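This report describes the architecture of a single protein chain for a reader at the bench. The sequence and the model appear below.

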Amino acid sequence: MVDQQDEFGCYPDSINDQSITYSFSKPPVHGWIFGEMLKRMPERPSHAMMETMYASLSGQANWWMTHRVLAGEELPYYLHGNDSGWDNSTMFRVGVPLEAPDLSALLVLQMECLAELAKELSRDDEAKEWQSRADKLFDAMHKTLWEDDQFVPRNGISGKTIKPMSLVPWLAIILGERLSAEE
């Protein structure tokens with residue numbers, strides 16, 4: 001995926017021996033997973049690999065927060081179910097663009113991973129910026145998508161929310177300690 005990332009930071013939807021498709025993207029699981037891999041590796045990857053991953057994950061996070069946030073809004077959105085990896089999820093019944101809890105949660109974790117990578121690469125100012133962006137996104141997610149007793153997706157234009165018959169909004173649980181006991 002890193003090798004096929006476009007100049008804006010978007011990872012392709014699919015790659016095969018004849019084509020690369022950018023019609024959709026992929027949910028930003030990459031930072032969360034890379035961070036988890038680093039915790040479990042007996043040895044750190046090379047400095048060059050860490051630089052490569054930092055650049056790639058930064059590009060992807062910036063793509064979501066630049067090209068997939070509506071004017072005047074703070075949360076990223078899915079433009080199609082394919083972007084979420086849950087193509088036919090009932091959460092898309094309110095239409096798109098869809099600001100979804102899983103998307104924001106994944107980006108919060110990606111930004112936290114980027115903060116850690118930046119520290120390791122002696123980019124202290126960038127580390128602080130990534131952590132600040134993660135905190136700001138989490139606060140916006142909580143303010144906008146917490147309804148009654150759960151996170152809910154909402155249409156970014158109409159503001160209409162939905163409590164879908166889907167597991168996708170519950171993926172925000174990956175935020176772990178950031179969540180209060182009520183969440």
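The buried residues of helix H2 are covered in part by other helices, including helix H1 (30-40), helix H3 (81-84), helix H4 (101-120) and helix H5 (124-145). The model is a predicted one, and the values that follow are computed from it.

**Helix H2**

The buried residues of H2 are Met-50, Met-53, Tyr-54, Ser-56, Leu-57, Ser-58, Gly-59, Gln-60, Ala-61, Trp-63 and Trp-64. In general, an α-helix has 3.6 residues a turn, so residues three or four places apart point the same way. Helix H2 runs over residues 47-67, and its 21 residues should span 30 Å at 1.5 Å a residue. The C-alpha atoms at its ends are 29 Å apart, which agrees with that expectation.

**The chain as a whole**

The chain contains 5 helices and 6 strands. In sequence order these elements follow the pattern β-β-α-α-α-β-α-α-β-β-β. For 183 residues, a compact globule would have a radius of gyration near 16 Å, and the chain agrees with this at 16 Å. Along the principal axes, the C-alpha atoms fill a box of roughly 45 × 45 × 30 Å.

Of the 183 residues in the chain, 47% are buried. Contacts between residues at least 6 apart in sequence join residues at least 24 apart in 62% of cases. The exposed area of the chain is about 9600 Å², of which carbon and sulfur atoms supply 52%. The chain carries 16 positive and 29 negative charges, and the mean positions of the two sets are 3 Å apart.

**Helix H4 and its start**

Helix H4 has 20 residues and reaches 29 Å from its first C-alpha to its last, close to the 28 Å expected at 1.5 Å a residue. Because 16 of its 20 residues are buried, H4 is largely enclosed by the rest of the structure.

Pro-101 is located in helix H4. Is this residue, Pro-101, buried or exposed? Its relative accessibility is 0%, so Pro-101 counts as buried; the cut-off for a buried residue is under 20%. Beyond its neighbours within four places in sequence, Pro-101 is in contact with Met-141, Leu-145, Phe-151, Val-152, Pro-153, Pro-169 and Ala-172. Pro-101 and Arg-133 are 32 residues apart in sequence, and their C-alpha atoms are 16 Å apart in space.

**His-30 and Asp-13**

His-30 lies in helix H1. Not counting residues up to four places away in sequence, His-30 touches Tyr-11, Leu-57, Gln-60 and Gln-110. Leu-57 and Gln-60 are among the buried residues of H2. His-30 and Cys-113 are 83 residues apart in sequence, with a C-alpha to C-alpha distance of 9.7 Å.

Asp-13 is found in the segment before strand S1 (14-15). With a relative accessibility of 19%, Asp-13 counts as buried, given that the limit is under 20%. Leaving aside neighbours within four places in sequence, its contacts are Thr-21, Tyr-22, Phe-24, Ser-25 and Lys-26.

**Backbone features in loops**

Most residues other than glycine have a negative phi, and most peptide bonds are trans. Three places in the chain call for comment against that background.

The peptide bond from Val-96 to Pro-97 is cis, with omega near 5°. Pro-97 sits in the loop between H3 and strand S3 (98-99).

Ser-122 follows just after H4 and takes a positive phi of about 60°. Asp-148 likewise has a positive phi of about 60° although it is not a glycine. The table sets out the location and accessibility of these two residues.

| Residue | Location | Relative accessibility |
|---|---|---|
| Ser-122 | loop between H4 and H5 | 63%, exposed |
| Asp-148 | loop between strand S4 (146-147) and strand S5 (150-151) | 63%, exposed |

Which class of accessibility applies to Ser-122? Ser-122 is exposed, because its relative accessible area is 63% and the exposed class begins over 50%. The value for Asp-148 is 63% as well, so Asp-148 also counts as exposed.

Note on methods:
Residues are numbered from 1 along each chain as its sequence is written. This is a predicted model: local features need pLDDT of at least 70, side-chain atom pairs count only at pLDDT 80 or more; totals for chains, interfaces and linings use all residues. Side-chain values use heavy atoms; hydrogens and water are left out. Helices (H or I, at least four residues) and strands (E, at least two) are DSSP runs, numbered from the N terminus. Buried means under 20% relative accessible area, exposed over 50%, partly exposed in between (1.4 Å probe, protein chains only). Contact means heavy atoms within 4.5 Å. The radius of gyration is taken over C-alpha atoms; the globule rule is 2.2 Å times the number of residues to the power 0.38. Accessible areas come from the Shrake-Rupley method with a 1.4 Å probe; for residues, only the protein chains shown count as cover. Lys and Arg count as positive and Asp and Glu as negative; His and the chain ends are not counted. The place of a charge is taken as NZ of Lys, CZ of Arg, CG of Asp or CD of Glu. The expected span of a helix is 1.5 Å times one less than its number of residues.
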